[in-house]
Amino acid sequence: MTDLLEVDGLGLTATEPSGVDIELVRDFSLRVGAGERVALVGESGSGKSVTARALLRLDDGLRVDGSIRLSGRELTALSEAEMAPVRGSEIAMVFQDPLSALNPIMTIRDQVAEPLVARGAPRKQARRRAVELLGELGLADAERRARAYPHEFSGGMRQRVALAMALIGEPKLLVADEPTTALDVRVQQQVLGLLARVARERDLAVLLITHDVGVVAEFADRVVVMYSGRPVETAEVRALFTAPAHPYTRGLLAAVPTMSSTRRLVALPGTPPDPARRPPGCAFHPRCAVAVNACGADRPELADLGATHAAACHVTRGVSV
């Protein structure tokens, strides 16, 4: 599979008003193939969303180190004027709260059409394409409903509108940041099914950002588990669920209820560390039930466990010093 997105050694640093630099993300690498569906998983505070936004260069206040290549083109080297046409036409994003992402005083039709208008398409033509796309994404009576405003739509329908806005520019890669977080379970299923169908029909690569491991099982081909700004495990989705290697991954899975089991759910103790005060060694070791001496002293690197499975864990590698 050809790599569409290649991220190598990504570092994201914020500077406090006092002048102190804080590493939000460090040594982050990722591959997404053409047409592949990859999930980036972790608790709130793991660095998932800021990483996703960095792919589109949306946060001017952050220092970006490392490499982000899309179809072989280095995005970190582009000026803002050069980056602007990349957004929407090559890589697009769906945000987790569609109500706040939509303009309350613009009609649905005009908002979906806006990316085409911004690229020089005649407004009438762009509006016609917007209505067609909304119909394709399940908006009944699209010609009439597209003249409504965001507050007149349900959460699920607003998410379809946000998806239409992202897709109208025909991107190669879609970044979906927690697209089902604010929705009930039934609507979550509908949105995930729609996203899967759209990706399949358009051969669209999708990077799904989520804290919900259950969502991953239904949608992704491959999974990257993130903790405190770094990837700690990567695997094909089947391998991750059948043989999770990192204690953090196992903790996430142990907290997920299933219909086929009555086992007691086990919550991970504690919370992810403040990026300004990460512990030495493995950032997860203060919460880890199987930590050894090396965990508090040396930061583990991702190590291959076979094929496409890797984990950053001293215990997995058998280190006990």
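In helix α1, the buried residues are K48, V50, T51, A52, A54 and L55. That makes 6 of the 8 residues of α1 buried, so the helix is largely enclosed by the rest of the structure. Keep in mind as you look around that this is a predicted model.

**A lysine in helix α1**

Let's start with K48, which sits in α1, the helix spanning residues 48-55. What is the nearest side chain of opposite charge to K48, and how far away is it? It's E178, at 4.2 Å. A salt bridge needs a side-chain nitrogen within 4 Å of a carboxyl oxygen, and K48 has no salt bridge even though it is buried. What K48 does have is a backbone oxygen close by: that of G42 lies 2.9 Å from a polar atom of the K48 side chain.

The wider surroundings of K48 are worth a click too. Setting aside neighbours within four places in sequence, K48 is in contact with L40, V41, G42 and E43, and also with E178, I209, T210, H211 and M226. So G42 turns up twice, once as a contact of K48 and once through its backbone oxygen. E178 is likewise on the contact list, although no salt bridge is formed by K48. Past the other end of the helix, R57 comes just after α1 and takes a positive phi of about 55°.

**Another enclosed helix**

Now for α5, residues 108-118. Of its 11 residues, 8 are buried, so this helix too is largely enclosed by the rest of the structure. Which residues of α5 are buried? They are I108, R109, D110, Q111, V112, A113, L116 and V117. If you want to know what they pack against, look at α6 (123-136) and α8 (155-167). Here as well a positive phi follows the helix: G120, just after α5, has a value of about 100°.

**Rings and what sits over them**

Searching the whole structure turns up 3 aromatic pairs. In one of them, the rings of Y227 and F284 have centres 5.2 Å apart and planes at 85°, so the pair is edge-to-face. Y227 belongs to strand β9 (residues 222-227) while F284 is in the loop between α12 (247-254) and β11 (303-306), so the pair ties together parts that are 57 residues apart in sequence. Are these two residues buried or exposed? Both Y227 and F284 are buried. The ring pairs also bring in Y248, giving a cluster of Y227, Y248 and F284.

Arginines sit over rings as well. R37 lies over the face of F219, 5.1 Å from the ring centre. R145 does likewise with F153, at 4.5 Å from the ring centre.

**Salt bridges**

The salt-bridge count comes to 25. Here are some of them, with the closest N and O atoms giving the distance.

| Residues | N to O distance |
|---|---|
| D65 and R63 | 3.3 Å |
| R87 and E80 | 2.8 Å |
| R129 and E136 | 3.2 Å |

How enclosed are the partners? R87 has a relative accessibility of 16% and counts as buried, whereas its partner E80 is partly exposed at 42%. In the D65 and R63 bridge, D65 is partly exposed at 33% relative accessibility, and R63 is partly exposed at 43%. For the R129 and E136 bridge, R129 comes out at 22% relative accessibility and counts as partly exposed, and E136 is partly exposed with a relative accessible area of 41%. Elsewhere, D3, E6, D8, R31 and R69 are joined into one network by salt bridges that share partners.

**A proline in a loop**

Last stop: P244, found in the loop between α11 (237-242) and α12. Leaving out residues up to four places away in sequence, P244 touches E233, A239, T249, R250 and L253. As for Q188, it is 56 residues from P244 in sequence, and the two C-alpha atoms are 25 Å apart in space.

Key: Residues are numbered from 1 along each chain as its sequence is written. This is a predicted model: local features need pLDDT of at least 70, side-chain atom pairs count only at pLDDT 80 or more; totals for chains, interfaces and linings use all residues. Side-chain values use heavy atoms; hydrogens and water are left out. Rings of Phe, Tyr and Trp (its six-membered ring) pair if their centres lie within 6.5 Å; planes under 30 degrees apart count as stacked, over 60 as edge-to-face and the rest as tilted. Helices (H or I, at least four residues) and strands (E, at least two) are DSSP runs, numbered from the N terminus. Buried means under 20% relative accessible area, exposed over 50%, partly exposed in between (1.4 Å probe, protein chains only). A charge sits over a ring if NZ of Lys or CZ of Arg is within 6 Å of the ring centre and within 35 degrees of the ring normal. Lys and Arg count as positive and Asp and Glu as negative; His and the chain ends are not counted. A polar contact is a pair of N or O atoms within 3.5 Å; within protein, one must be able to donate a hydrogen and the other to accept it, and residues adjacent in sequence count only if both atoms are side-chain atoms. Contact means heavy atoms within 4.5 Å.
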